[in-house]
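Ready for a few exercises in reading a model? Each one sets a task and then works through the solution step by step.

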Amino acid sequence: MSALTIENLDICYGESKVTHDINLSVAEGESFALVGESGSGKTTVLRAIAGIATSWTGSITAFGQARSPGIDRGFARQCQMVFQDPYGSLHPRKTVDATLSEPLAIHGIADNGERVDEVMQSVGLDRRFRFRFPHQLSGGQRQRVAIARALILRPKLLLLDEPTSALDVSVQAEILNLLKRLRREQGLTYLMVTHNLAVVSFLCDRLAVMRHGRIVEVASADQLKRGALEDPYSRELIQFSPSHPA
Amino acid sequence: MATTRDWLLDDSPSSRLQARLGRGYRLSRALMRNPLAMVGALIVLALILAALFAPWIATHSPITQDLAMRLKPPSAEYWMGTDELGRDIWSRVVYGARITLMIVMLVAVLAAPVGLVIGAIAGYYGGWVDRILMGITDIFLSMPKLILALAFVAALGPGIQNAIIAIAIATWPGYARIARAETLTIRNSEFVSAVELQGASSFRVIVNHILPLCSSSMIIRVTLDMAGIILTAAGLGFIGLGAQPPLPEWGAMISRGRSFILNEWWVATMPGFAIVIVSLGFCFLGDGLRDVLDPKHGDRQ
C-alpha cells in the first residue's frame, strides 16, 4: 500500500504560488528524499502534508485517507514531523519529560512514565536527561529529543525537514545512524527534505529533485550512486555537491 | 547545606520538582548578585513587613486625634512629627503601607492576567480577532492613565475600591500590548508548530506553551509599573478621589500637609519620602528581575 500519494499539489503563500503540480507517491516502509536548492519548495511540501501550510489545491492521500488542509488529531497519530533546527523546535522552559509527555496528554494516553522512558531509550537518550531543560543539552541530544517527541505517538510516517543540517558533522552521523536504525526497528516510512546528497544515498531508497517548485526528476538511490540521473539540473546538483563521491 | 545546594544544582534532576526548584534557585542566586535588585527587594520586603505587622511597628494609633499635640516637629516621642489633628505621622505612614500594598497587589492581580490573556489571544489568532482586541486596547492606551482613572473614579464614586478598579482599567492595555508582541515572536516558532502538529487545541497551546514564555516579561513590566501605580493611587488620594479620611493613605496625607508646607514641612514630606522610597524599591527590583529573567540574556537562566 502507498503510505503517501500526492497529486497535482499547488501550494500558495498568500498570493504567490510556491509549488506547481507536484505528483509523488511514497510506498509504505520506503524512505523518500526531496532534494533541491534553497527556495525550491521542498520544505513547503512537508508543511502542507503536516498541515502547517493550509492553502493548497490538489490532493494529498495518506494511508488511503484524503487529507484536508490544516492539522487534524487523527492524522497526528499517523504522521509526525522533525524540524530542522533543534535549538528552535524545543520549548525553552520545558524539561525533556514535559516535552515528551505533552503529546500523550493531548491524546489522553495514560501510561505516562513508562512510555517516555521507552521512547528515550529507543532514541539513545540516557535516563538522567529526562528532567533537563533544553539549554542543558547539546545539539545532538536536542535533536534526539525532537525525534523522540515525534515518535512517542507511534506514527507510521515521519516527515524529516533537514534533520541534520543544523548539527556538527560528527553528530550528523550519529543522528543519521539513529534514523536508519529506527526505521528498521519500527518499520517507519520517511519523507525527508535535504540538500545533502550523501545523506540521500545513506538513508533513502528514492529521491525527487525539485527546482522552482516543480519536480524535475524522480530517481532511485542506486541511480544517484551511479551518477546516472537524467535531468541536466540533477546532474548539475551532483556535480556541485561537495560531499558526494560522484 | 552543601548537600541541599548540590541537589538543587544537580545537572541531571530526577524529578519535575527538583528541576523546577533548581531553576528557581539559579534565578534567585543570579538576582542576589545584583546589588541594586537586592536593595529593591529589601525595600519591598520592608513594605510587606510594615503592612503585616503595622500594629506592632506603629507607636501610636493612626487615627486617634490629640489636638493638644497638633503639628509637633519630629521628636523622640513622635518620630516623624504629628499632623494638624495631632496624629502621629510615623504610625500613619506605617499603616499607609497596608493601603499601598493592597492597591499594588490588587491592581497587579486584576490587570496583569487580563492584559496577558487578551494580548496572547490577539497575537495567537491574528486577523480580525487581533484587530478588534488591539483596537479596544488602543482606545484605552490613547488616554493618559491618571486622567482615565480620574474619569472612572468620578463615575464610580470616590473610595479606595473604586480607585483600584479605575487604576486596573487604566493599566491592562499596556500589558496586552506586551503580551501580544511576545506572542507574535513565539507564535511561528517551531516548538509551537510541533505541539500544534501533535493535535493540541488552541487553548492548550496558549496556556501551556505561549503564556509561560510571556510571563517573565510580564513580571518585569508589572514590577516596573508598580511605581506608576503607587503614584497614580497617591495622585487620586491627593485630589481626594482615592482613599477617604481618616484612612492613612500617603497621597491623601501629602494633600492635607500642603497647607502647612512652609512652616510644618514634615507633614507633607514624610509620606512623600515613603512614596519615593517604595516606588524606587519597585523600580530597582524590576530592573534586577529584567537582568535575570529577560530571555534575550540567553542561557544564563
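## Exercise 1: a helix pair in chain B

The axes of helix H3 (residues 35-52) of chain B and helix H12 (residues 266-293) of chain B come within 7 Å and cross at roughly 135°. Before we start, note that this is a predicted model, in which local features need pLDDT of at least 70, side-chain atom pairs count only at pLDDT 80 or more, and totals for chains, interfaces and linings use all residues. Residues are numbered from 1 along each chain as its sequence is written, while chains are lettered from A and ligands numbered from 1 in the order in which they are written.

**Task.** Describe how H3(B) and H12(B) are oriented and which residues join them.

**Solution.**
1. Start with the terms: helices (H or I, at least four residues) and strands (E, at least two) are DSSP runs, numbered from the N terminus. Axes are lines fitted to C-alpha atoms, for helices over the stretch in contact, and angles run from 0 to 180 degrees between N-to-C directions.
2. Classify the angle: the crossing makes H3(B) oblique to H12(B). Here, angles under 35 degrees count as roughly parallel, over 145 as roughly antiparallel, 65 to 115 as roughly perpendicular and the rest as oblique.
3. Add the hand: H3(B) and H12(B) cross in a left-handed way. A crossing is left-handed if the near helix is turned anticlockwise from the far one by less than a right angle, and right-handed if clockwise.
4. List the partners: on H3(B) they include Leu36(B), Val39(B), Ile43(B) and Leu47(B), and on H12(B) they include Ile277(B), Phe282(B), Leu285(B) and Asp287(B). Two residues are in contact if their C-beta atoms, placed from the backbone, lie within 7 Å.
5. Sort the residues: this contact has 14 nonpolar, three polar and one charged. Ala, Val, Leu, Ile, Met, Phe, Trp, Tyr, Cys and Pro count as nonpolar, Asp, Glu, Lys and Arg as charged, and the others, Gly among them, as polar.

## Exercise 2: the neighbours of H11(B)

**Task.** Work out how helix H11 (residues 250-257) of chain B packs against H10 (residues 202-239) and against H12(B).

**Solution.**
1. Take H10(B) to begin with: its axis and that of H11(B) lie 6 Å apart, at an angle of about 40°. H10(B) is therefore oblique to H11(B).
2. The crossing of this pair is right-handed. Ala233(B), Leu236(B) and Phe238(B) are among the H10(B) residues in the contact, and Trp250(B) and Ile254(B) are among those of H11(B). By class, there are seven nonpolar, four polar and no charged residues.
3. Now take H12(B): the axes of H11(B) and H12(B) come within 7 Å and cross at roughly 155°, so the two helices are roughly antiparallel.
4. H11(B) passes H12(B) in a left-handed crossing. Trp250(B), Met253(B), Ile254(B) and Gly257(B) of H11(B) meet H12(B) residues including Val267(B), Pro271(B) and Ile275(B). Eight residues of that contact are nonpolar, two polar and none charged.

## Exercise 3: chain B as a whole

**Task.** Summarise the make-up of chain B and the confidence in it.

**Solution.**
1. Count the elements: chain B has twelve helices and zero strands.
2. Gauge the extent: its C-alpha atoms fill a box of roughly 75 × 55 × 25 Å along the principal axes.
3. Check the confidence: the mean pLDDT (the predictor's confidence in each residue, from 0 to 100) of chain B is 87, and 97% of its residues reach 70 or more. Among its elements, helix H1 (residues 2-9) has the lowest mean, 77, and helix H6 (residues 127-141) the highest, 93.
4. For the complex, the predictor gives an ipTM of 0.87 and a pTM of 0.82.

## Exercise 4: where the chains meet

**Task.** Which element of chain B gives the most to the side that touches chain A?

**Solution.**
1. Set the scene: 24 residues of chain B are in contact with 29 residues of chain A.
2. Find the candidates: helix H2 (16-32), helix H9 (190-197) and H10 of chain B each give two or more residues.
3. Pick the leader: H9(B) gives the most, with seven residues.
4. Sort by class: the chain B side has nine nonpolar, nine polar and six charged residues.
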